[in-house]
Amino acid sequence: MIPKTFKEVIDLGDGREISIETGKLAKQAHGSVVVQSGKCMLLCTVVSNYKQADVDFLPLTVDYREKFAAAGRYPGGFFKREARPSDGEVLTMRLVDRVLRPLFPKDYHSETQVMIQLMSHDEDVMPDAMAGLAASAAIQLSDFPFECAISEARVGRINGEFIINPTRAQLKESDIDMMIGASADSVMMVEGEMNEISEEEMTEAIKFAHEAIKVQCAAQLRLAEAFGKKEVREYEAERADEDLAKKVHDLTYDKVYAIAKAGSAKHERSAAFAEIKEEVKATFSEEELEDFGDLVSKYFYKAEKAAVRDLTLNEGLRLDGRKTDEIRPIWCEVDYLPSVHGSSIFTRGETQALATVTLGTSREANQIDMPSYEGEETFYLHYNFPPFSTGEARPIRGTSRREVGHGNLAQRALKGMIPEDCPYTVRVVSEVLESNGSSSMATVCSGTMALMDAGVQLKKPVSGIAMGLITDGESGKYAVLSDILGDEDHLGDMDFKVTGTADGITACQMDIKVKGLSYEILVKALMQAKNGRLHILEKLTDTITAPREDVKSYAPKIVTKIIPGEYIGAVIGSGGKVIQELQKETNTTIVINEDPDTEEGIVEILGTGQEGIDAVIAKIDALMFKPEVGSVYEVKVIKMLDFGAVVEYVEAPGNEVLLHVSELAWERTENVSDVVNMGDVFDVKYFGLDPRTRKEKVSRKALLPKPEGYVERPPRNDRGDRRGGDRRGGNRDRKPRRD
C-alpha cells in the first residue's frame with residue numbers, strides 16, 4: 001500500500017523551489033521530512049524521549065551527515081565507510097543547534113536527537129542552507145514542546161543584487177556569504193563572511209534573508225496543519241517555590257550588586273560570589289538543603305543575573321568596572337617564538353591568544369573531501385582551547401565542535417585579506433592561553449599580527465570584537481556592551497562577534513537570546529562594534545605597522561616556475577629519480593602540479609637558502625634547454641673518446657652532445673687530443689639532427705676559416721657512397737679492374 005504523503009512547495013524565484021514532504025520515510029521517528037531542491041534531498045528525523053533526563057539542561061544532539069553515495073562516490077581511506085564527521089558537517093550542526101536550542105522550554109530536559117542526512121546531491125544546491133528548514137519542519141510534525149517554526153537561509157550579493165540560497169558558483173562572484181536563522185518574528189542567528197561591507201549593507205542583507213525565512217516558516221505551518229498537528233506532550237516540570245525564590249533574592253541581590261559595582265578581576269569576583277552563595281546556604285538546615293538545595297542554587301543564579309544586569313542598565317557600569325563602550329587594556333608582541341615562521345601574542349584584559357604561522361607548498365594544502373564539495377584550502381586556521389585557559393582541569397578528547405566553529409570564524413575573517421598571488425600554503429594556529437571574553441576575536445587579532453610577522457603580504461590588517469546586549473522588556477531600556485566578558489556572555493541577551501578592516505566588515509557571528517530584537521538596536525550594536533574594532537586595530541598596527549618585506553632567514557622561501565607540460569616528465573625523471581636527487585642535492589622541496597586548463601606544469605621550489613633554489617631553477621632550465629638550428633653555443637669538454645669529444649652546453653649544464661672528430665677542424669684529425677682536451681671551453685654551431693645518423697650534430701670547424709687550398713671531400717649519399725662515384729662506390733678516375 002502506497003503511504004499517503006503531504007507536501008508543501010516554496011518558490012525561491014528564478015525557477016528554483018524547495019519542497020517539504022512527509023508521510024513516506026522514517027515514520028517511526030517522532031517527526032520526519034524530506035526537503036528537496038533540484039536533485040538535492042535531505043532527510044531529517046527528530047526523536048525525543050518521553051522521560052526527563054536527570055540533568056539541569058537540555059541534552060539536545062543535532063547531527064548532520066553527508067552520505068558519499070548521495071554524490072555517487074566512495075568514502076576515502078582504507079575502510080570504505082563514513083566515519084567521524086568532517087569540519088564542514090560539524091559547522092552545519094552548529095548552525096542548526098544554535099537556532100533550535102533556545103526555543104525549547106528551559107525546564108525541558110528529555111534526551112532529544114535531530115538527525116539530518118544528505119541523501120542526494122546536486123552540484124547547484126548547497127545543502128547546509130536547507131538544514132535548519134528541515135530540522136524545524138520535522139519538529140513541527142512532532143509533539144515536542146517547541147516555541148515556533150524557524151528556518152535558515154543563505155544570502156549572497158552579486159552586482160548589488162541579493163540572492164537567497166545562491167549556488168557555489170554564484171558565491172565565487174558574491175561579496176557576501178551569510179547564513180541567517182530566524183522565526184517569522186525574530187532574527188536569532190547570523191554567521192558569515194563579507195568583502196569589507198558596511199554596517200548598513202549587512203543590516204539590509206539580514207532583512208532580505210528574513211523575508212525569505214518568513215515564507216519558509218509559513219510553509220511548515222501549512223504542512224503541519226495538513227498532516228495533523230499533534231498535541232504538545234506533557235512532561236514533568238521543574239520544581240518551583242516562589243517563597244524560596246524571594247528569600248534567596250532578598251539575601252543575595254544587594255550583596256551581589258555591591259560586589260559587581262566594585263569592579264574586580266574574574267577570580268576575585270567569582271570567589272566573592274561563591275562566598276555569598278555559601279552564606280545563603282548556611283541559613284538553611286542540612287535537611288532543607290537535601291530537600292531543595294538545587295533550587296537554592298538555581299535562585300541564587302537568577303538573583304545574581306538580575307543584579308548584574310540592573311547595574312549595567314541603571315548605572316552603565318559592568319562587572320570589571322568598565323563603561324559599556326570601553327575596551328579592556330591591550331598589549332601585543334610579535335616575533336615571540338624564535339624558530340617559527342611567524343608568531344604573535346595578543347592579550348586583551350584576561351584573554352590571551354598566541355598565534356603561529358607556518359609556510360609551505362601546495363602539498364600542505366588542507367584537503368576537503370565531502371560529498372557536497374571537493375577542494376583544497378591554501379589558507380586555513382586552527383584554534384585550540386585547552387582547559388587551563390579558564391583555570392580548569394578536564395580531559396581532552398579530540399577537537400571539540402566549539403573549537404571547529406571558533407577557528408572557522410577566525411579563518412573566514414582573515415582569508416579575504418590573503419593576496420591572490422601568495423605563493424605559499426599558509427597555516428595559522430591559535431593557542432588560547434587565557435580566556436575571559438571572546439578568544440575567537442583574540443585569535444583574529446593575533447592571527448593578523450603573526451601573518452604580518454611571517455612576511456605574508458596581507459592586503460589590510462583585520463581586528464575583531466565581541467559585543468553584548470542587555471535589555472529590559474518592561475522599561476524599554478537596553479545597553480550595548482563592547483568587548484564582553486565571559487560572565488556578560490552568559491548573563492546577556494546577545495553575543496555578537498564582528499571582524500573587519502578599517503574599511504569594512506569581513507566576518508560576523510551573532511546569537512540573539514531575546515525575541516523581537518529591533519533593527520535599531522542591531523545597527524547601534526554594529527556601529528559601536530566598528531568603533532571598538534578601529535580602537536583594537538590601532539593597537540595591532542602600533543605593534544607591527546606593515547607586513548615584513550620578506551620571510552625570515554630561517555623560514556622557507558618559495559619560487560614558482562611555469563614549464564611546458566612536455567617537460568614535466570623530464571623534471572620528475574624515471575621513478576622520480578631526477579626530482580628526488582635534485583631535492584637532496586639542493587636541500588629544497590620541489591612540488592609539481594599540472595594546470596588542467598593550460599596543461600602547463602607549475603613547479604614550486606621551497607628552500608631556506610637562495611643558492612639551493614637557484615640551483616634547482618638552473619637544473620630545470622637545463623632540462624628544458626632546446627638548441628636552435630644555426631645558433632652558436634659555448635660548450636665545455638667533459639669526456640674524451642676515440643671518435644670525438646662529449647661536450648656540455650655551458651648555459652645548460654647536464655645537456656650533452658657528441659662533437660665528432662670530423663667536426664673538430666678542417667684538417668684531418670688523427671687524435672682528438674691534438675685539437676681539444678678535457679675542460680676546454682669553446683664555441684660550436686648547432687645543425688640539428690643529422691639526417692644520416694639521426695643524432696644531433698654540432699661543429700667546431702664550422703666556425704673556423706677554411707685553410708688555403710682546402711678541397712672539400714664530396715658528401716656521402718644515402719647508401720654511404722661518395723657522390724659522383726659508380727654503383728660500387730668506386731671513383732670514375734680509377735683504372736678499370738682486370739678480370
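**Exercise 1. In which strand is I558 found?**

Before solving, some ground rules. This is a predicted model, where local features need pLDDT of at least 70, side-chain atom pairs count only at pLDDT 80 or more, and totals for chains, interfaces and linings use all residues. Residues are numbered from 1 along each chain as its sequence is written, and side-chain values use heavy atoms, with hydrogens and water left out.

Step 1. Find the element: I558 is found in strand 22, residues 557–563. Strands here are DSSP runs of E with at least two residues, helices are runs of H or I with at least four residues, and both are numbered from the N terminus.

Step 2. Check the accessibility. I558 has a relative accessible area of 11%, so it goes down as buried. (Buried means under 20% relative accessible area, exposed over 50%, and partly exposed in between, with a 1.4 Å probe and protein chains only.)

Step 3. List the neighbours. Leaving out residues up to four places away in sequence, I558 touches G360, T361, P423, Y424, E604, I605 and L606. Contact means heavy atoms within 4.5 Å.

Step 4. Add a distance: T608 is 50 residues from I558 along the chain, yet their C-alpha atoms are separated by 8.6 Å.

**Exercise 2. Work out what the salt bridge between D143 and R233 ties together.**

Step 1. Start with the pairing idea: side chains of opposite charge can pair when their charged atoms come close. The cut-off for a salt bridge is a side-chain nitrogen of Lys or Arg within 4 Å of a carboxyl oxygen of Asp or Glu.

Step 2. Apply it. D143 and R233 make a salt bridge through their side chains, at 3.0 Å from N to O. Since D143 sits in the loop between helix 2 (128–140) and strand 7 (150–158), and R233 in the loop between helix 4 and helix 5 (242–262), the pair ties together parts that are 90 residues apart in sequence.

Step 3. Look at the burial of each partner. D143 has 10% relative accessibility and counts as buried; R233, with a relative accessible area of 7%, is buried too.

Step 4. Step back to the whole structure, where a search finds 43 salt bridges. One network of them links D128, R154, D177, E193, R412 and K415.

**Exercise 3. Describe E196 by its backbone and its charged partner.**

Step 1. Place it: E196 is in strand 10.

Step 2. Read the backbone angle. Phi of E196 is near 55°, a positive value in a residue other than glycine.

Step 3. Find the partner. The side chain of E196 forms a salt bridge with that of K460, at 3.0 Å from N to O. Strand 10 covers residues 187–197 and K460 lies in the loop between helix 9 (439–453) and strand 18 (463–471), so this pair ties together parts that are 264 residues apart in sequence. K460 counts as partly exposed, at 27% relative accessibility.

Step 4. Try another backbone. Phi of N587 is also near 55°, again positive in a residue other than glycine. N587 is in the loop between helix 13 (577–586) and strand 23 (589–594), and counts as exposed at 63% relative accessibility.

**Exercise 4. How far is D690 from the nearest side chain of opposite charge?**

Step 1. Place it: D690 is in the loop between strand 28 (681–689) and strand 29 (696–699).

Step 2. Get the distance. That side chain belongs to K697, 4.8 Å away, and D690 is buried yet has no salt bridge. For charge, Lys and Arg count as positive and Asp and Glu as negative, while His and the chain ends are not counted.

Step 3. See what else is around. A polar atom of the D690 side chain lies 2.8 Å from the backbone nitrogen of R692.

Step 4. Compare with another Asp: D495 does form a salt bridge, with K497, the closest N and O atoms being 2.8 Å apart. Both D495 and K497 are buried.

**Exercise 5. Locate S631 and say what it touches.**

Step 1. S631 lies in the loop between helix 14 (610–623) and strand 25 (632–641).

Step 2. Not counting residues up to four places away in sequence, S631 touches V684, K685 and Y686.

Step 3. For a long-range check, take L221: S631 is 410 residues from L221 in sequence and 82 Å from it in space, C-alpha to C-alpha.

Conventions: A polar contact is a pair of N or O atoms within 3.5 Å; within protein, one must be able to donate a hydrogen and the other to accept it, and residues adjacent in sequence count only if both atoms are side-chain atoms.
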